[in-house]
Amino acid sequence: MVNDLSKEQLENLNNISNLPTEKQQEALEKFMLSLSSDQKAQLENQIYSECIFCSIVQKKIKFYEVYQDEDFMAVLDINPATLGHILLFPKKHISSFLNLES
């Protein structure tokens, strides 16, 4: 059974979202350590269900694939800035491009 987040946990999460971007990652990692495995799963499911790129990888959204391998996908942008505008992204969800492992 999934445990909902307490009012205090929700406030803590809201406070993290108001931190400067460079401090959010560290604060979020500490916050995640305080959660039960069920709470982590609940949060991750919510995050991934709202991520447009995860939705593309899961084929929940129509797209025109340009390239795909084990780790990355490239698709045509639905609102292209120019002819041939392509989006390249990892198939594994990451919160920031800076968190992409080499």
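The legends below describe close-up views of a predicted model.

**View 1. Cys51 and Cys54, two cysteines outside any disulfide.** The number of disulfides in this predicted model is zero. Cys51 takes part in no disulfide, and the cysteine sulfur nearest to its own, that of Cys54, is 3.7 Å away. Cys54 is likewise in no disulfide, its nearest cysteine sulfur being that of Cys51. Because a disulfide is counted when two cysteine sulfur atoms are within 2.5 Å, the distance of 3.7 Å leaves Cys51 and Cys54 without one. Cys51 is buried, with a relative accessibility of 14%, and Cys54 is buried as well, with a relative accessible area of 7%.

**View 2. The salt bridge between Lys30 and Glu26.** Side chains of opposite charge can pair when their charged atoms come close. The model contains one salt bridge, in which the side chains of Lys30 and Glu26 meet at 3.8 Å, taken from N to O. Both residues belong to helix H2, which covers residues 21-33, and they are four residues apart, about one turn of the helix. Lys30 and Glu26 are both exposed.

**View 3. The aromatic pair of Phe53 and Phe89.** A pair of aromatic rings is described by the distance of the centres and the angle of the planes. One aromatic pair is present in the structure, and in this pair the rings of Phe53 and Phe89 are tilted, with 4.8 Å from centre to centre and 45 degrees between the planes. Phe53 lies in helix H4 (residues 52-57) while Phe89 lies in strand S3 (residues 86-90), so the pair ties together parts that are 36 residues apart in sequence. Phe53 is partly exposed, with a relative accessible area of 34%, whereas Phe89 is buried, with a relative accessible area of 4%.

**View 4. A nonpolar surface patch that includes Val66.** Tyr64, Val66, Tyr67, Leu76 and Ile86 make up this nonpolar patch on the surface, which has an area of about 480 Å². Val66 is located in strand S1, which comprises residues 65-68, and is partly exposed, with a relative accessible area of 40%.

**View 5. Gln39 and the backbone of Ser36.** A polar atom of the Gln39 side chain lies 3.0 Å from the backbone nitrogen of Ser36. Gln39 is part of helix H3, which runs over residues 37-50, and this glutamine counts as buried, at 8% relative accessibility.

**View 6. Leu19 in the loop between helices H1 and H2.** Leu19 is placed in the loop that lies between helix H1 (7-17) and H2, where Leu19 counts as partly exposed, at 32% relative accessibility. Between the C-alpha atoms of Leu19 and Leu33, two residues that are 14 residues apart along the chain, the separation is 18 Å.

**View 7. Lys59, a residue other than glycine with a positive phi.** The phi angle of Lys59 is near 60 degrees, which is a positive value. Lys59 is found in the loop between H4 and S1, and this lysine is exposed, with a relative accessible area of 56%.

Notes. Residues numbered from 1 in each chain as written. Predicted model: local features only at pLDDT ≥ 70, side-chain atom pairs only at ≥ 80, totals over all residues. Heavy atoms only, no water. Buried < 20%, exposed > 50% of the residue type's maximum accessible area, 1.4 Å probe, protein only. Salt bridge = Lys/Arg side-chain N within 4 Å of Asp/Glu carboxyl O. Helix = DSSP H or I, 4+ residues; strand = E, 2+ residues; numbered from the N terminus. Patch = residues over 30% accessible without salt bridge, like charges linked within 9 Å, V, L, I, M, F, W, Y side chains within 5 Å. Areas by Shrake-Rupley, 256 points an atom, 1.4 Å probe, with all protein chains shown as cover. Polar contact = N/O pair within 3.5 Å; in protein donor to acceptor, adjacent residues only side chain to side chain. Phe/Tyr/Trp six-rings, centres within 6.5 Å; stacked < 30°, edge-to-face > 60°.
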